[in-house]
Amino acid sequence: MTPEACSPEVRELLLSRIKDVQDYPKPGVVFKDITPLLADPKAFAALTDALVELAGRYGATKIVGLEARGFILAAPVAVRAGIGFVPVRKAGKLPGATLAQSYELEYGTAEIEVHAEDLSAGDKVMVIDDVLATGGTAEASLDLIRRAGAEVAGVAVLMELSFLPGRAKLVPALDGAPLDALILV
């Protein structure tokens with residue numbers, strides 16, 4: 001995490017609005033519920049402002065949001081920054097011509113897609129998601145961005161689960177682009 005990704009006050013506000021839900025979705029898992037943060041207009045605005053600042057620092061010209069909670073975070077950032085928003089969806093959810101990328105899950109594989117025409121050469125793309133866990137979806141999104149001819153400007157997440165290998169998996173795929181987490185848990 002980059003210490004200047006957001007101020008300590010903003011980090012504390014965001015963390016105070018994330019609720020731990022024990023044993024969800026299965027026993028032994030502590031789910032980080034961001035819905036209380038989204039319901040608090042001050043916290044949601046602070047989150048959006050922090051991500052807009054990173055978009056400016058990255059020189060982003062487009063924002064990619066990863067399905068599904070990444071959409072909620074990324075769309076207001078794109079609007080406030082005055083740049084385009086591009087959803088990266090699960091396979092089969094977008095009509096028309098798409099680029100697809102498969103990636104490994106703990107047990108099996110998954111696939112994400114983007115509209116082929118939404119990204120192009122000259123775009124500097126910032127990827128936004130709620131959580132960096134194992135890094136598979138984020139890594140696949142970087143592959144999609146580059147296959148579309150665009151440049152990866154960076155990746156920003158609300159929180160990074162430091163006990164999982166997401167950062168280690170993602171760093172090589174970033175190829176020098178920044179990775180910022182506003183909260184490290």
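This is a short walk through a predicted model, stop by stop, with something to select at each one.

**Stop 1: helix α3**

Start by selecting residues 41-58, which make up helix α3. Try a ruler on this helix: at 1.5 Å a residue, its 18 residues should span 26 Å, and the end C-alpha atoms sit 25 Å apart, so the two agree. Now show side chains at the start of α3, where a side-chain oxygen of Asp 40 comes to within 2.9 Å of the backbone nitrogen of Lys 42. Then go to the other end: just after α3, Gly 59 has a positive phi of about 75°.

Which residues of α3 are buried? Color Ala 43, Ala 46, Leu 47, Thr 48, Ala 50, Leu 51, Val 52, Leu 54, Ala 55 and Tyr 58, and you have them.

**Stop 2: the cores**

Keep Leu 47 and Leu 51 on screen and add Ile 63, Met 126, Ile 128, Leu 158 and Leu 182; these have the most contacts inside the largest nonpolar core, a set of 32 residues. The elements giving two or more residues to this core are α1 (8-16), α3, α4 (69-81), β7 (124-132), β8 (151-160) and β9 (179-184). Helix α3 makes the largest contribution, with nine residues. In soluble globular proteins, nonpolar side chains tend to be buried together.

Another core lies apart from this one; it has 28 residues, including Ile 112, Leu 132, Val 157 and Leu 179.

**Stop 3: the largest pocket**

Next, select Val 131, Ala 133, Thr 134, Leu 161 and Leu 164. Of the 39 residues that line the largest pocket, these lie nearest its centre. The volume of this pocket is about 1300 Å³. Light up β2 (30-33), β4 (84-90), β5 (98-105), β6 (108-115), β7, α5 (136-147) and β8 to see the elements that give two or more residues to its lining. Which element gives the most to that lining? Strand β7 does, with six residues.

Color the lining by residue type, and it divides into 26 nonpolar, four polar and nine charged residues.

**Stop 4: helix α5**

You already have α5 selected as part of the pocket lining, so give this helix the ruler treatment too: its twelve residues should span 16 Å at 1.5 Å each, and its end C-alpha atoms are 17 Å apart, which agrees. The buried residues here are Gly 136, Ala 138, Ala 140, Ser 141, Leu 142, Leu 144 and Ile 145. Just past α5, look for Gly 149, with a positive phi of about 95°.

**Stop 5: backbone oddities**

Most residues other than glycine have a negative phi, and most peptide bonds are trans. Here are some exceptions to click on.

- Asp 23, in the loop between β1 and β2, has a positive phi near 60°.
- Pro 25 is also in the loop between β1 and β2, and a cis peptide bond joins Tyr 24 to Pro 25, with omega about 5°.
- Ala 68 is in the loop between β3 (62-66) and α4; the bond between Glu 67 and Ala 68 is cis, with omega about 0°.
- Asp 175 sits in the loop between α6 (166-174) and β9 and has a positive phi of about 50°. Is Asp 175 buried or exposed? Its relative accessible area is 65%, so Asp 175 is exposed.

**Last stop: Arg 17**

Finish in the loop between α1 and β1 (19-22), where you'll find Arg 17. At 29% relative accessibility, Arg 17 counts as partly exposed. Measure C-alpha to C-alpha from Arg 17 to Leu 38: they are 21 residues apart in sequence and 8.4 Å apart in space.

Methods. Residues are numbered from 1 along each chain as its sequence is written. This is a predicted model: local features need pLDDT of at least 70, side-chain atom pairs count only at pLDDT 80 or more; totals for chains, interfaces and linings use all residues. Side-chain values use heavy atoms; hydrogens and water are left out. Helices (H or I, at least four residues) and strands (E, at least two) are DSSP runs, numbered from the N terminus. The expected span of a helix is 1.5 Å times one less than its number of residues. Buried means under 20% relative accessible area, exposed over 50%, partly exposed in between (1.4 Å probe, protein chains only). A polar contact is a pair of N or O atoms within 3.5 Å; within protein, one must be able to donate a hydrogen and the other to accept it, and residues adjacent in sequence count only if both atoms are side-chain atoms. A nonpolar core is a set of buried Ala, Val, Leu, Ile, Met, Phe, Trp, Tyr and Cys residues joined through side-chain atoms within 4.5 Å. On a 1 Å grid over the protein atoms alone, a cavity is a set of points where a 1.4 Å probe fits but cannot get out, and a pocket is an open set with protein on both sides within 12 Å along at least five of seven lines; lining residues have an atom within 4 Å of a point. Grid points are joined across faces, edges and corners, and a volume is the space filled by probe spheres set on the points. Ala, Val, Leu, Ile, Met, Phe, Trp, Tyr, Cys and Pro count as nonpolar, Asp, Glu, Lys and Arg as charged, and the others, Gly among them, as polar.
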